[in-house]
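Take a look at the fold below before reading on. The walk-through starts with the whole chain and ends with its cysteines.

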Amino acid sequence: GTKVRPWAPLTAPPKISIGDELLNIESTLAILRRERLLLDHIPHSAQFHDLTACLLRVFSAACVIPALPPQEIQMYASLALLHDVGKQAVPEAILNKPGQLTQEEFEIMKSHTIRGCGVLEQVPGLCRCEAFPLICDVCRHHHERWDGSGYPDRLAGYDITPWVQVVGLADAFDALVHPRVYKPAFPLRQAAGMIEHGACGTFAPDMLVCFARNIDPICRAVYG
């Protein structure tokens with residue numbers, strides 16, 4: 001069953017060390033931009049950043065997750081943009097298939113969660129950064145679910161890092177409200193209802209209550 005302990009407080013924003021040079025988070029993000037792993041200038045990426053930041057802000061204020069100061073919210077929202085970097089290792093024929101994936105294809109698609117760190121390890125020195133475990137956490141665990149039904153490690157409850165579960169919720173909502181090759185976009189309110197009723201898996205109960213209560217201001221802030 002799920003654990004009942006409260007989430008541990010999140011760590012302070014890390015200082016990033018590559019080689020002998022001490023880098024702050026912005027310098028590390030600059031490296032990721034240079035390697036074209038972080039594409040935060042693209043409109044959809046900017047919108048996903050804003051959605052993640054808004055959810056973190058709302059959940060933090062409601063004490064659903066540990067309290068986060070603004071600079072940490074921005075840091076986690078930026079790192080969240082790397083959650084699907086492992087899809088670079090998934091064949092485009094699977095990523096862009098218009099129909100339903102076969103079971104074998106779905107297993108390959110799911111592997112993007114465990115391939116993300118491998119992609120990032122190719123960036124010289126990045127694996128020695130203090131932020132590297134944070135990035136690997138969101139790459140590997142954004143598809144974990146509260147009831148343990150997610151993948152790849154079937155984490156459950158409080159074993160899922162708070163901000164990573166928020167990214168998972170943001171990712172699920174974002175996928176619903178935008179068209180994909182296999183489905184149309186759902187209206188915002190319909191997508192919110194689908195999240196609340198478990199169409200994308202189970203999230204923390206307190207998180208879902210807070211999400212439902214704040215969906216209108218969240219959508220206004222992110223989608224206008």
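What follows goes from overall architecture to one helix pair and then to the cysteines. Keep in mind that this is a predicted model.

Start with the elements. The chain has 10 helices and 2 strands. Their order from the N terminus is β-β-α-α-α-α-α-α-α-α-α-α. The strands therefore precede the helices, given that the elements are numbered from the N terminus.

Next, the chain as a whole. It has 224 residues, and 49% of them are buried. The accessible surface comes to about 10,900 Å². Carbon and sulfur atoms hold 55% of that surface. Now turn to contacts between residues at least 6 apart in sequence. Of these, 66% join residues at least 24 apart.

One helix pair deserves a closer look. Two packed helices are described by the angle between their axes and the distance between the axes. Helix α2 spans residues 43-61, and helix α8 spans residues 162-177. They pack at an angle of about 130 degrees. Their axes are 9 Å apart. How is α2 placed relative to α8: parallel or oblique? An angle over 145 degrees would count as roughly antiparallel, and 65 to 115 as roughly perpendicular. The value of about 130 degrees falls in neither range, so α2 is oblique to α8. The crossing of the two helices is right-handed.

Which residues make the contact? On α2 they are H44, F48, L51, T52, L55, L56 and F59. On α8 they are W163, V166, V167, L169, A170, D171, F173 and D174.

Now the cysteines. The structure holds 1 disulfide. It joins C117 to C136, with an S to S distance of 2.3 Å. C117 lies in helix α6 (residues 112-121), and C136 lies in helix α7 (residues 132-141). The pair therefore ties together parts that are 19 residues apart in sequence. Are its two ends buried or exposed? C117 has a relative accessible area of 15%, so it counts as buried. C136 is buried as well, at 12%.

Other cysteines are not paired. C54 is in no disulfide. The nearest cysteine sulfur to it belongs to C219, 8.7 Å away. A disulfide needs sulfur atoms within 2.5 Å, so this distance does not qualify. C54 is buried, at 8% relative accessibility. C63 is in no disulfide either. For C63, the nearest cysteine sulfur is that of C210, 9.7 Å away. Is C63 buried or exposed? At 67% relative accessibility, C63 counts as exposed.

Notes
Residues numbered from 1 in each chain as written. Predicted model: local features only at pLDDT ≥ 70, side-chain atom pairs only at ≥ 80, totals over all residues. Heavy atoms only, no water. Helix = DSSP H or I, 4+ residues; strand = E, 2+ residues; numbered from the N terminus. Buried < 20%, exposed > 50% of the residue type's maximum accessible area, 1.4 Å probe, protein only. Contact = heavy atoms within 4.5 Å. Areas by Shrake-Rupley, 256 points an atom, 1.4 Å probe, with all protein chains shown as cover. Axes fitted to C-alpha atoms, helices over the stretch in contact; angles between N-to-C directions. Parallel < 35°, antiparallel > 145°, perpendicular 65-115°, else oblique. Left-handed = near helix turned anticlockwise from the far one by under 90°.
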